[in-house]
Amino acid sequence: MGFLLPAAIRRSSHRSIKTSSKVSNVPKGYVAVYVGEEMKRFVVPISYLNQPLFQNLLNQAEEEFGYDHPMGGLTIPCREDVFLDITSQFNSL
């Protein structure tokens with residue numbers, strides 16, 4: 001399954017992950033995701049959306065939540081440590 005993103009979003013090439021506590025402050029080229037039982041908020045580069053492992057997480061999110069994400073950002077249904085392990089692999093590419 002693929003996601004169609006506006007051209008400006010697809011051009012981002014950042015390879016880092018940020019943790020943020022501000023609800024509405026997401027820098028251009030990033031997306032907020034909520035992970036784990038405590039719904040910890042991460043701000044990740046949109047380039048992650050092209051990664052097959054991240055797309056698997058998005059597919060799980062779609063199966064569990066559909067397109068209704070109550071936190072306002074994407075809700076990823078996995079443990080925080082699993083999410084960090086997966087995204088750390090993107091930084092080594």
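How many residues does α2 have, and how far does α2 reach from its first C-alpha to its last? In this predicted model, α2 has 14 residues and reaches 20 Å. That is close to the 20 Å expected at 1.5 Å a residue. The views below start with the whole chain and then return to this helix.

**View 1. The protein holds three helices and four strands.** From the N terminus on, the elements run α-β-β-β-α-β-α. The protein has 93 residues, and buried residues make up 35% of them. Take the contacts between residues at least 6 apart in sequence: 56% of these join residues at least 24 apart.

**View 2. Helix α2 has a buried side and an exposed side.** F54, L57, L58 and A61 are the buried part of the picture. These residues lie on the same side of α2 because they cover an arc of only 100 degrees around the axis. An α-helix has 3.6 residues a turn, so residues three or four places apart point the same way. On the other side of α2, P52 and E63 are exposed. The buried residues pack against three strands, β2 (30–35), β3 (40–45) and β4 (74–76), and against helix α3. G66 follows α2, and its phi is positive, near 65 degrees.

**View 3. Helix α3 also turns one side to its neighbours.** α3 has 12 residues. From first C-alpha to last it reaches 17 Å, close to the 16 Å expected at 1.5 Å a residue. Its buried residues are F83, I86, T87 and F90. Their arc around the axis is only 90 degrees, which puts them on the same side of α3. They pack against β2, β3, α2 and β4.

**View 4. Helices α2 and α3 meet and cross.** The axes of α2 (residues 52–65) and α3 (residues 80–91) come within 9 Å. They cross at roughly 150 degrees. L53, F54 and L57 make the contact from α2. From α3 come F83, I86, Q89 and F90. Six residues of this contact are nonpolar, one is polar and none is charged.

**View 5. The largest nonpolar core has 16 residues.** Those with the most contacts inside it are V33, V35, V44, F54, L57, I76 and F83. β2, β3, α2 and α3 each supply at least two residues of this core. In soluble globular proteins, nonpolar side chains tend to be buried together. Now zoom in on V33. Leaving out residues up to four places away in sequence, V33 touches K40, R41, F42, V44, F54, L74, I76 and F83.

**View 6. Y34 and T75 are far apart in sequence but not in space.** They stand 41 residues apart along the chain, yet 4.7 Å apart from C-alpha to C-alpha. Y34 lies in strand β2. Y34 counts as buried because its relative accessibility is 6%, and the cut-off for buried is under 20%.

**View 7. M39 sits in the loop between β2 and β3.** Its phi is positive, about 50 degrees, although M39 is not a glycine. Most residues other than glycine have a negative phi. Is M39 buried, partly exposed or exposed? With 28% relative accessibility, M39 counts as partly exposed. The partly exposed class lies between buried, under 20%, and exposed, over 50%.

Terms used:
Residues numbered from 1 in each chain as written. Predicted model: local features only at pLDDT ≥ 70, side-chain atom pairs only at ≥ 80, totals over all residues. Heavy atoms only, no water. Axes fitted to C-alpha atoms, helices over the stretch in contact; angles between N-to-C directions. Contact = heavy atoms within 4.5 Å. Nonpolar A, V, L, I, M, F, W, Y, C, P; charged D, E, K, R; others polar. Expected span 1.5 Å × (residues − 1). Buried < 20%, exposed > 50% of the residue type's maximum accessible area, 1.4 Å probe, protein only. Arc of directions from axis to C-beta. Core = buried A, V, L, I, M, F, W, Y, C linked by side-chain atoms within 4.5 Å.
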